[in-house]
Amino acid sequence: EPVVTLFLAWLILREKISPLIIALCIVACAGVGFVAAPDATSNHLGSLLGDGLIGLAVLFASLYAISTTHAVKQLPPVAVAALQQSFALIFFVVMTTGAWILGKESIEFTTATGFSLLVAIASGAFGYGLAFLLYLSAARYLSPSRISLYLTLTPVFGVIGAYWLLGEKLLVIQGLGGALILLAVIGVTRLPQQSEFPPVPRQF
């Protein structure tokens with residue numbers, strides 16, 4: 001995603017991408033590769049369709065990062081996040097209803113449904129609502145290319161969470177990958193901010 005976002009920021013926003021940003025992006029992506037290395041042995045279980053869908057998701061995520069750059073300059077982050085999540089809910093309801101009518105999905109309520117709904121609501125509120133609100137707040141002050149490098153921290157937190165919550169083992173190569181990602185992110189924080197967007201006054 002950082003690679004695609006860097007390219008789209010240069011292509012659409014005409015953002016100047018410094019060689020140092022590109023170098024840090026390469027380091028971060030190498031780190032992500034090392035973190036994901038243990039799963040490489042299960043590649044034979046995948047499919048071109050699945051890979052294509054993931055690639056399409058990455059493209060849409062990058063377009064999201066580019067498009068919100070303008071939105072957060074015009075509206076408060078909380079308003080942008082509320083609008084996005086509201087349209088996502090409407091889209092979900094329409095798709096679910098259509099799939100149910102066409103017989104592609106079935107809706108069954110069991111004793112475990114209530115707990116599952118609570119988990120879904122909590123994960124949506126924190127994993128998406130709060131996460132995107134924080135992301136949009138940062139987007140008011142930083143360029144998409146710089147923010148995209150912070151996203152490489154996602155697998156680091158994922159591996160740490162898998163270790164603490166699921167009891168998965170951590171490998172040395174994953175530690176090396178995490179170190180490369182942290183090195184790239186620290187490098188981004190130390191870059192001069194002359195080309196970044198000026199702070200935006202708070203709107204009430």
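**Exercise 1. The nonpolar cores**

Task: Find the residues of the largest nonpolar core, and then the elements that supply at least two residues of this core.

Solution:
- Step 1. Ten residues are what you are looking for, and the largest nonpolar core has these 10 residues: Y64, A65, V72, V80, A81, Y135, L136, A139, L142 and I147. A nonpolar core is a set of buried Ala, Val, Leu, Ile, Met, Phe, Trp, Tyr and Cys residues joined through side-chain atoms within 4.5 Å. Buried means under 20% relative accessible area, exposed over 50%, and partly exposed in between, with a 1.4 Å probe and protein chains only.
- Step 2. At least two residues of this core come from each of α3, α4 (77-101) and α5. Helices (H or I, at least four residues) and strands (E, at least two) are DSSP runs, numbered from the N terminus.
- Step 3. There is also a second, separate core of 9 residues, including L6, I21, V188 and L191.
- Background: in soluble globular proteins, nonpolar side chains tend to be buried together.

A note before you go on: this is a predicted model, where local features need pLDDT of at least 70, side-chain atom pairs count only at pLDDT 80 or more, and totals for chains, interfaces and linings use all residues. Residues are numbered from 1 along each chain as its sequence is written, and side-chain values use heavy atoms, with hydrogens and water left out.

**Exercise 2. The whole chain**

Task: Describe the secondary structure of the chain, its box and its share of buried residues.

Solution:
- Step 1. Counting gives 8 helices and 0 strands, in the order α-α-α-α-α-α-α-α along the sequence.
- Step 2. Along the principal axes, the C-alpha atoms fill a box of roughly 55 × 50 × 30 Å.
- Step 3. Of the 204 residues in the chain, 25% are buried.
- Step 4. Now take contacts (heavy atoms within 4.5 Å). Among those between residues at least 6 apart in sequence, 85% join residues at least 24 apart.

**Exercise 3. Two helices and their cover**

Task: Check the span of helix α8, then list the buried residues of α8 and α1 with what covers them.

Solution:
- Step 1. The expected span is 1.5 Å times one less than the number of residues. Helix α8 (residues 172-189) has 18 residues and should span 26 Å, and its end C-alpha atoms are 26 Å apart, which agrees.
- Step 2. In α8 the buried residues are Q174, G177, G178, I181, A184, V185, G187 and V188. Their cover includes α2 (19-35), α6 and α7 (154-166).
- Step 3. In α1 the buried residues are P2, T5, L6, L8 and A9, and their cover includes α2, α3 and α6.
- Background: an α-helix has 3.6 residues a turn, so residues three or four places apart point the same way.

**Exercise 4. Two loop residues**

Task: Is R14 buried or exposed, and is L142 buried or exposed?

Solution:
- Step 1. R14 lies in the loop between α1 (2-11) and α2. With a relative accessible area of 62%, R14 is exposed. R14 has a positive phi of about 55°, although it is not a glycine.
- Step 2. L142 sits in the loop between α5 and α6. With a relative accessible area of 19%, L142 is buried.
- Step 3. L142 and T69 are 73 residues apart along the chain, and their C-alpha atoms are separated by 9.0 Å.

**Exercise 5. Empty space**

Task: Describe the largest cavity and the two pockets by volume and lining.

Solution:
- Step 1. Start with the terms. On a 1 Å grid over the protein atoms alone, a cavity is a set of points where a 1.4 Å probe fits but cannot get out, and a pocket is an open set with protein on both sides within 12 Å along at least five of seven lines; lining residues have an atom within 4 Å of a point. Grid points are joined across faces, edges and corners, and a volume is the space filled by probe spheres set on the points.
- Step 2. The count is 1 cavity of 30 Å³ or more, and the largest cavity has a volume of about 30 Å³. Its lining is A65, T68, T69, Y135, A139, L142, S143, P144 and I147. Two or more of these come from each of α3 (48-74), α5 (113-139) and α6 (144-150).
- Step 3. Sort by class: Ala, Val, Leu, Ile, Met, Phe, Trp, Tyr, Cys and Pro count as nonpolar, Asp, Glu, Lys and Arg as charged, and the others, Gly among them, as polar. The lining of the largest cavity has 6 nonpolar, 3 polar and no charged residues.
- Step 4. The largest pocket holds about 770 Å³ of space. Of its 17 lining residues, Q85, A88, L89, F92 and Y128 are the closest to its centre. By class, this lining has 13 nonpolar, 4 polar and no charged residues.
- Step 5. The second largest pocket holds about 520 Å³. Of its 16 lining residues, E1, A131, F132, Y135 and L151 are the closest to its centre. α5 gives the most to this lining, with 7 residues.
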